[in-house]
Amino acid sequence: AFQNNKPSERYLEQLEDGKIQLKRLLENPEESMLDVKDKQYEKERKLEEEKKKKLERDAALMREEGDRVKRERQATEAARRKDMEDEIRSKREAQLAEVAKQKAEDIAKMKETEKEQRK
């Protein structure tokens, strides 16, 4: 079970790339900071975008809820108004029926009185 102690070609390439990156960062440390700042900025920008979308969704939901409540109020008010109109109509019809009944009774009394006066 003899193993080859020689590193793979891929490992050596990665090691060399790492050395090159390390030298570049040591020569220009600001480049590393810029990359970190860019990533941080991008992260913050995404968070702000998500917050904005959430606020927009919440606002839309609130508008929909407000519209629903408004429609319900209007429907309730319309039903209440219709009930009041129906009640007023019923009372008016009852009054008219009472007036018609009273008028019929008065006419009957007048005819009875005329009949008695003719005798």
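So, Glu-13: at 47% relative accessibility it counts as partly exposed, because that class runs between the 20% and 50% cut-offs. Keep in mind that this is a predicted model. Where does Glu-13 lie? Glu-13 is in helix α1, which covers residues 9–27. And Glu-13 has company: together with Glu-9, Glu-16 and Asp-17, it forms a negative surface patch. Residues in a patch like this have to have no salt bridge, so Glu-13 belongs with the acids that go without one.

Okay, now the acids that do have partners. How many salt bridges are there by the 4 Å rule? The count comes to 12, and I'll walk you through a few of them.

Let's take Glu-65. The partner of Glu-65 is Arg-68, and the closest N and O atoms of that salt bridge are 2.4 Å apart. Both residues sit in helix α2, residues 29–118, with a spacing of three residues, or about one turn of the helix. Buried or exposed, or something in between? Glu-65 comes out at 37% relative accessibility, so we call it partly exposed. Arg-68 has a relative accessible area of 32%, which makes that residue partly exposed too.

Next, move along to Glu-77, where you'll find a salt bridge to Arg-80, with the closest N and O atoms 2.5 Å apart. Again we're in helix α2, again three residues apart, about one turn of the helix. Glu-77 is at 30% relative accessibility, so it's partly exposed, and Arg-80, with a relative accessible area of 42%, is partly exposed as well.

Now, which other side chain meets Glu-77 in a salt bridge? That would be Arg-81, at 3.9 Å, N to O. With a cut-off of 4 Å, that distance is within the limit, so the pair gets counted. Why are those two about one helical turn from each other? Because they're four residues apart in helix α2. Arg-81 is at 43% relative accessibility, so this one also lands in the partly exposed class.

While we're on salt bridges, there's also a network to look at. Glu-42, Arg-45, Glu-49 and Lys-53 are joined into one by salt bridges that share partners.

So, to wrap up: on one side of the story we have the negative patch of Glu-9, Glu-13, Glu-16 and Asp-17. On the other, we have Glu-77 pairing with Arg-80 and with Arg-81, plus Glu-65 pairing with Arg-68. Have a look at those in the viewer, and that's it from me.

Methods:
Residues are numbered from 1 along each chain as its sequence is written. This is a predicted model: local features need pLDDT of at least 70, side-chain atom pairs count only at pLDDT 80 or more; totals for chains, interfaces and linings use all residues. Side-chain values use heavy atoms; hydrogens and water are left out. Patches are made of residues with over 30% relative accessible area and no salt bridge: like charges are joined within 9 Å, nonpolar side chains (Val, Leu, Ile, Met, Phe, Trp, Tyr) within 5 Å. Accessible areas come from the Shrake-Rupley method with a 1.4 Å probe; for residues, only the protein chains shown count as cover. A salt bridge is a side-chain nitrogen of Lys or Arg within 4 Å of a carboxyl oxygen of Asp or Glu. Lys and Arg count as positive and Asp and Glu as negative; His and the chain ends are not counted. The place of a charge is taken as NZ of Lys, CZ of Arg, CG of Asp or CD of Glu. Buried means under 20% relative accessible area, exposed over 50%, partly exposed in between (1.4 Å probe, protein chains only).
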